[in-house]
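This report looks at how selected parts of the chain pack against one another. Please keep the sequence and the model in view while reading.

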Amino acid sequence: MTAAPAAVAPGAREGRPRLVSDAEYILPLRWTEDSGLAELAGYLRQLVGWIPVTVVDGSDPDLFDRHRATFPAAVRHIRPDTPPDSIALHGQVSNGKVAGVMTGVRTPGAPFLVIADDDVRYTREALAAVVHHLESAHVVRPQNYFTPLPWHARWDTARTLLNRAWSADYPGTLGVRRDALLATGGYAGVLFENLELIRTIKAAGGSERTLADLFVARRPPTVRHFLGQRVRQAYDGFAQPRRLAAELALFPAAAAALFLPGKVRATTLCGLAVAITTAAEIGRRRHNGTAVFPASAAWFAPLWALERATCVWLALGFRSRGGVPYAGSRIRTAAHSEAVLRRRHGGRLQGVPGRGVPDRRVPGTPGTTRMDAVQA
């Protein structure tokens, strides 16, 4: 790919104040190819006019140099301070994204951080809303949605809708207070790293605010990447034992239904599909989700459930062999339990501002900002 000339954001070039103050955007990056570089650079040109941006880039040297030449000059572009594949806490292989995030957190900067994967695309309104809520909570969890929506993004959106039906989804971006995360000493480089970050903050005595109606766009993966993530996503269930048990029960239940008499079998399987679709539709309608989630995504829910019923058993097989494959090695721990993290971090956030704010999962309540479908 030909590198485009680096550009300086208008706000940075002209010395005007950014729209989001006291905050910084951290993007951990580690690419093996950069076919999406031009699109990401365009997003960063827009972003640096709103907020200071740090990209922690663990890519190979040639890619790193090309990124440096293409990203806006206003972007702070640095290397992770530990190798992405270094050994993490307790002798386990690290999730390289965590190493990148913690490098950005340890580098001096603004008190409020917005951490986002490379496929997340904020609008300035959504960005300002996340930062606003960090004034009263240690960690803020918005809601991602895919745009555009090819078939595999609708398939994966079904998972999001089922998460929203029972509780809340886990996005690829979080807001977090820098002092709070530093006070914990950081979070472990496990597979389900965003859940680990949230649990670490809460175990230390921090507060979380979940904003299920604050929608932040996300670009869909390629079909190849989507297919490669199926078992790895199922492995995340080991961080949520009750959910894991329910998912493990799906395949035996479906298999048992196949041995029922013909008419009963058809009725049972159709009833199961309708129940799963209905649950997804409930998740779509909660917290104004119809603004960004199409009805067709709920129709994919039975297919997603069938996929998960199979992949969770494959994940169990990987678990018995030492963990799920990751960057040429294996990661065994999906995320540490809340009890383990309380023993490790309990009380560390005493005296850190932002305490005393309860979780809010109901939109429209005082102190919660509603941000409808703002597409990047």
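## Helices H2 and H3

In this predicted model, helix H2 passes helix H3 in a right-handed crossing. The contact is built from Leu37, Ala41 and Arg45 on the side of H2, and from Arg66, His67 and Thr70 on the side of H3. By residue class, the contact of H2 with H3 divides into two nonpolar, two polar and two charged residues.

As for the geometry of the pair, the axes of H2, which covers residues 37–47, and H3, which covers residues 61–70, come within 10 Å and cross at roughly 40°. Because of that angle, H2 counts as oblique to H3.

## The largest nonpolar core

The largest nonpolar core has 35 residues, and the members that touch the most others within it are Tyr25, Leu44 and Tyr122. At least two residues of this core are supplied by each of strand S1 (23–29), helix H2, strand S2 (53–57), strand S4 (112–116), helix H5 (124–133) and strand S8 (208–218). Helix H2 provides the largest share of this core, with six residues.

The surroundings of Tyr25 can be listed in more detail. When neighbours within four places in sequence are left aside, Tyr25 is in contact with Tyr43, Leu47, Ile51, Pro52, Val53 and Thr54, and also with Val114, Ala116, Val120, Tyr122 and Leu127.

## Helices H6 and H12

A second helix pair is formed by H6, residues 151–166, and H12, residues 262–285, which pack at an angle of about 75° with their axes 7 Å apart. Since angles of 65 to 115 degrees count as roughly perpendicular, H6 and H12 are therefore described as roughly perpendicular to each other.

From H6, the residues that make the contact are Leu161, Leu162, Arg164, Ala165 and Trp166, while H12 contributes Ile276, Ala279, Ala280, Gly283 and Arg284. The residues of the contact of H6 with H12 divide into seven nonpolar, one polar and two charged.

## Arg342 in helix H15

Is Arg342, a residue of helix H15 (residues 338–345), buried, partly exposed or exposed? Its relative accessibility is 47%, and Arg342 therefore counts as partly exposed, given that this class runs between the 20% limit for buried and the 50% limit for exposed.

Arg342 can also be placed relative to a residue elsewhere in the sequence: Ile201 is 141 residues away along the chain, and the C-alpha atoms of Arg342 and Ile201 are separated by 9.6 Å.

Note on methods. Residues numbered from 1 in each chain as written. Predicted model: local features only at pLDDT ≥ 70, side-chain atom pairs only at ≥ 80, totals over all residues. Heavy atoms only, no water. Axes fitted to C-alpha atoms, helices over the stretch in contact; angles between N-to-C directions. Helix = DSSP H or I, 4+ residues; strand = E, 2+ residues; numbered from the N terminus. Parallel < 35°, antiparallel > 145°, perpendicular 65-115°, else oblique. Left-handed = near helix turned anticlockwise from the far one by under 90°. Contact = heavy atoms within 4.5 Å. Nonpolar A, V, L, I, M, F, W, Y, C, P; charged D, E, K, R; others polar. Buried < 20%, exposed > 50% of the residue type's maximum accessible area, 1.4 Å probe, protein only. Core = buried A, V, L, I, M, F, W, Y, C linked by side-chain atoms within 4.5 Å.
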